[in-house]
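Biologist: Please examine the structure shown below with me. I would like to understand how its interior is packed.

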Amino acid sequence: MRPLILSLLIAALVSAHAEPKTEQEVEVQRKLQAASYYCAPAVAEFTASRKRQFSQKVLAGRPQLPGYDDLFSGSYADLVDGSADPGDAQSLLACSPARRESEMQNNTCVLTPIVTEGPYYHREGHPIRQNIAENELGLLLLLDIGVIDVNTCQPLPNVLVDIWQANATGYYAGHPVPRPELRDEKPQVGGKRSGLLSAYPRTKFEETFLRGAWPTDGRGVAQFTTIFPGYYTGRATHIHTKVFTAWETLSNGTFQSDHLAHVGQFFFDDEVTSQIDKMHPYTENPIRDTYGRTRNWRDSLNIFEDSHGPEGMYNPVFKLEFLGGVISQGLIGFITMGINASATYDNFWKG
């Protein structure tokens with residue numbers, strides 16, 4: 001009976017706008033989250049087992065920064081020639097069955113809320129690769145992103161996780177400067193858009209830093225190498241994500257898809273981010289001494305709040321671990337998304 005109810009709720013939500021706005025849409029989202037809550041034990045174990053394997057590597061005598069071969073450095077070409085098997089058991093932080101942790105990882109409880117993609121997504125040109133850093137300076141950040149289908153409570157292999165983020169000084173690839181007529185614009189004061197500026201236009205079409213997509217492996221995990229993101233006015237420190245259930249790979253190593261199943265954003269603990277703010281090149285952020293970094297609870301457009309879902313049952317904040325003995329050696333972030341793999345949304349900016 002529960003699968004039938006869940007299917008009916010999913011159908012109702014898909015027929016509505018991707019972001020629940022009316023009372024009816026919010027109620028459908030709330031019921032869907034309640035129905036999918038029974039996935040909690042499965043998805044909690046999914047994240048916990050990946051964290052345990054990382055801890056086991058440390059206990060085995062590898063607390064230092066991983067070597068080059070250990071980093072997530074696959075590319076589209078690796079997938080084509082078979083050298084980067086998504087199910088390769090040698091991959092760092094592979095997910096394996098393990099005993100249950102006593103503390104449930106609540107960041108993987110329920111259906112991950114759909115939130116706005118923002119104005120800086122490039123519908124075309126995102127490379128299929130694991131290492132998205134290119135030549136950007138910043139604190140090493142490895143991402144371990146699990147994907148579970150709330151219809152089955154099972155990990156989702158072979159879905160494409162697409163991510164993009166700002167660099168250490170708060171700029172997105174392709175969007176370096178504001179429109180000429182808005183160079184002297186000040187952030188909005190008060191209201192839902194408090195702190196925000198008008199979106200910068202895309203003027204450098206060749207730039208691709210800190211953008212990329214990678215398919216989940218046989219355990220439903222996609223792993224990336226990047227840097228800790230910087231910040232800009234009005235927004236808390238975050239990383240954007242989309243999940244596609246089918247896609248077409250192009251000859252230039254990018255992809256295109258009309259099978260969008262999820263749009264979301266990930267966040268970081270403010271205390272950790274405050275320490276990284278003191279490191280170079282984050283100290284070079286042009287708004288550091290004027291507007292400063294927006295804390296999670298002040299995130300504009302209520303995005304951080306909305307990312308918790310109508311009932312506040314989802315935690316969109318990465319679970320972070322040190323890669324070495326100190327924070328400056330880098331971090332690894334774990335999170336799991338519970339998505340509705342049966343849904344298909346429009347893949348474009350909704351404002």
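Modeller: A residue counts as buried when its relative accessible area is under 20%. Please note also that this is a predicted model.

Biologist: Is Y120 buried or exposed?

Modeller: The cut-off for a buried residue is under 20% relative accessible area. Y120 has a relative accessibility of 10%, so Y120 counts as buried.

Biologist: Of which type is the aromatic pair of Y120 and Y232?

Modeller: The structure holds 9 aromatic pairs. In the pair of Y120 and Y232, the ring centres are 6.5 Å apart and the planes stand at 85 degrees. Planes over 60 degrees apart count as edge-to-face. The pair of Y120 and Y232 is therefore edge-to-face.

Biologist: How many residues apart in sequence are the parts that this pair ties together?

Modeller: Y120 belongs to the loop between α4 and β1, whereas Y232 belongs to the loop between β5 and β6. The pair therefore ties together parts whose separation in sequence is 112 residues.

Biologist: Of which type is the pair of F228 and F268?

Modeller: The centres of these two rings are 4.5 Å apart, with 50 degrees between the planes. That angle is neither under 30 degrees, as for stacked rings, nor over 60, as for edge-to-face rings. The pair of F228 and F268 is tilted.

Biologist: Which strand supplies the largest share of the largest nonpolar core?

Modeller: The largest nonpolar core has 52 residues. Several strands each supply at least two of them, including β1, β6 and β7. The largest share, 5 residues, comes from β7.

Note on methods:
Residues are numbered from 1 along each chain as its sequence is written. This is a predicted model: local features need pLDDT of at least 70, side-chain atom pairs count only at pLDDT 80 or more; totals for chains, interfaces and linings use all residues. Side-chain values use heavy atoms; hydrogens and water are left out. A nonpolar core is a set of buried Ala, Val, Leu, Ile, Met, Phe, Trp, Tyr and Cys residues joined through side-chain atoms within 4.5 Å. Buried means under 20% relative accessible area, exposed over 50%, partly exposed in between (1.4 Å probe, protein chains only). Helices (H or I, at least four residues) and strands (E, at least two) are DSSP runs, numbered from the N terminus. Rings of Phe, Tyr and Trp (its six-membered ring) pair if their centres lie within 6.5 Å; planes under 30 degrees apart count as stacked, over 60 as edge-to-face and the rest as tilted.
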